Amino acid sequence: AGASLASMVYALGDVSGAHFNPAVTVALTLSRRCPDLAPATALMYVITQLLGGAFAAYLSTVASGDLDFRLPLNADPRDHAYTKILFGEGAFTFTLCYVVLCVVVSEATKSPTMFGLAIGSVVT
């Protein structure tokens with residue numbers, strides 16, 4: 001996954017700014033360090049990213065033959081799996097956003113050549 005993301009960042013960075021993740025798009029917008037990223041454009045990117053993610057999930061389930069979209073709502077409340085999942089998602093999303101802000105838009109730390117590798121490494 002990380003190598004695929006790094007490749008896509010290098011390939012499409014000049015086209016769309018490589019906006020593949022809604023959390024990263026929101027972080028870049030809120031940082032106000034991307035003058036070309038207007039809030040309306042960011043909203044369009046986020047909506048498109050969410051629709052693309054939903055479509056990718058659908059294609060994945062069709063390809064695997066498992067069309068059951070139900071979540072385990074009957075999980076034991078004493079099981080802290082959801083808390084662990086939310087913590088992990090939050091920690092890795094923060095790390096991804098932090099790395100993107102550092103290697104793409106920070107004047108002090110941005111990397112004009114290794115940004116894709118750094119971003120892809122977070123996901124690996």
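These are my notes on the predicted model above, point by point.

1. Confidence to begin with. Since we are looking at a predicted model, I checked pLDDT before anything else. The chain averages 85, and 89% of its residues reach 70 or more. By element, H2 comes out highest with a mean of 94, while H1 is lowest at 83.

2. Overall fold. There are five helices and zero strands in the chain, so the pattern read along the sequence is α-α-α-α-α. Of the 124 residues, 23% are buried. Among contacts with a separation of 6 or more, 53% join residues 24 or more positions apart.

3. H1, seen from Val 9. This residue sits in helix H1. Is Val 9 buried or exposed? Val 9 is buried, because its relative accessible area is 5%, under the 20% cut-off. Leaving out residues up to four places away in sequence, Val 9 touches Ala 18, Phe 20, Phe 115, Gly 116 and Ile 119. One of those partners, Ile 119, is 110 residues away along the chain, yet the two C-alpha atoms are separated by 8.2 Å.

4. H2, seen from Ala 27. Ala 27 belongs to helix H2. Its relative accessibility is 17%, so Ala 27 still counts as buried, given that the limit is 20%. Beyond the residues up to four places away in sequence, Ala 27 touches Cys 97 and Leu 101. For a sense of the spacing, the C-alpha atoms of Ala 27 and Tyr 98 are 8.5 Å apart, with those positions 71 residues apart along the chain.

5. The loop after H2. Have a look at Arg 32, in the loop between H2 and H3. Its phi is near 60°, which is a positive value in a residue other than glycine. Arg 32 is also exposed, because its relative accessible area is 77%, and the cut-off for that label is over 50%.

6. H3. This helix runs over residues 39-64. With 26 residues, H3 reaches 37 Å from first C-alpha to last, close to the 38 Å expected at 1.5 Å a residue. Ala 42, Val 46, Gln 49 and Thr 61 are buried in H3, and the buried residues of this helix pack against H2. Just after H3 there is another positive phi, of about 85°, at Gly 65.

7. H4. Helix H4 covers residues 81-105. Its 25 residues reach 35 Å between the first and last C-alpha, close to the expected 36 Å. Which residues of H4 are buried? They are Leu 96, Cys 97, Val 99, Val 100, Val 103 and Val 105. These buried residues pack against both H2 and H5. On the H2 side, the contact between Ala 27 and Cys 97 described above is one to look at in the viewer.

8. The loop after H4. Thr 109 is in the loop between H4 and H5. Thr 109 counts as partly exposed, because its relative accessibility is 43%, which falls between the 20% and 50% limits. Neighbours within four places in sequence aside, Thr 109 is in contact with Cys 102 and Val 103. Val 103 is among the buried residues of H4. Thr 109 and Val 99 are ten residues apart in sequence, with 9.9 Å from C-alpha to C-alpha.

9. The largest pocket. How much space lies in the largest pocket? The volume is about 990 Å³. The pocket is lined by 39 residues, and those closest to its centre are Gly 17, Ala 18, His 19, Leu 28 and Val 100. Two of these names have come up already: Ala 18 is touched by Val 9, and Val 100 is a buried residue of H4.

10. What the lining is made of. Helices H1, H2, H3, H4 and H5 each supply at least two residues of the lining of the largest pocket. By type, the lining divides into 24 nonpolar, nine polar and six charged residues. When you go through this lining in the viewer, keep the per-helix confidence in mind, with H1 at a mean of 83 and H2 at 94.

How values were computed: Residues numbered from 1 in each chain as written. Predicted model: local features only at pLDDT ≥ 70, side-chain atom pairs only at ≥ 80, totals over all residues. Heavy atoms only, no water. 1 Å grid on protein atoms, 1.4 Å probe; cavity = no way out; pocket = protein on both sides within 12 Å on 5 of 7 lines; lining within 4 Å. Points joined across faces, edges and corners; volume = space filled by probe spheres on them. Helix = DSSP H or I, 4+ residues; strand = E, 2+ residues; numbered from the N terminus. Nonpolar A, V, L, I, M, F, W, Y, C, P; charged D, E, K, R; others polar. Expected span 1.5 Å × (residues − 1). Buried < 20%, exposed > 50% of the residue type's maximum accessible area, 1.4 Å probe, protein only. Contact = heavy atoms within 4.5 Å. pLDDT = per-residue confidence, 0-100.
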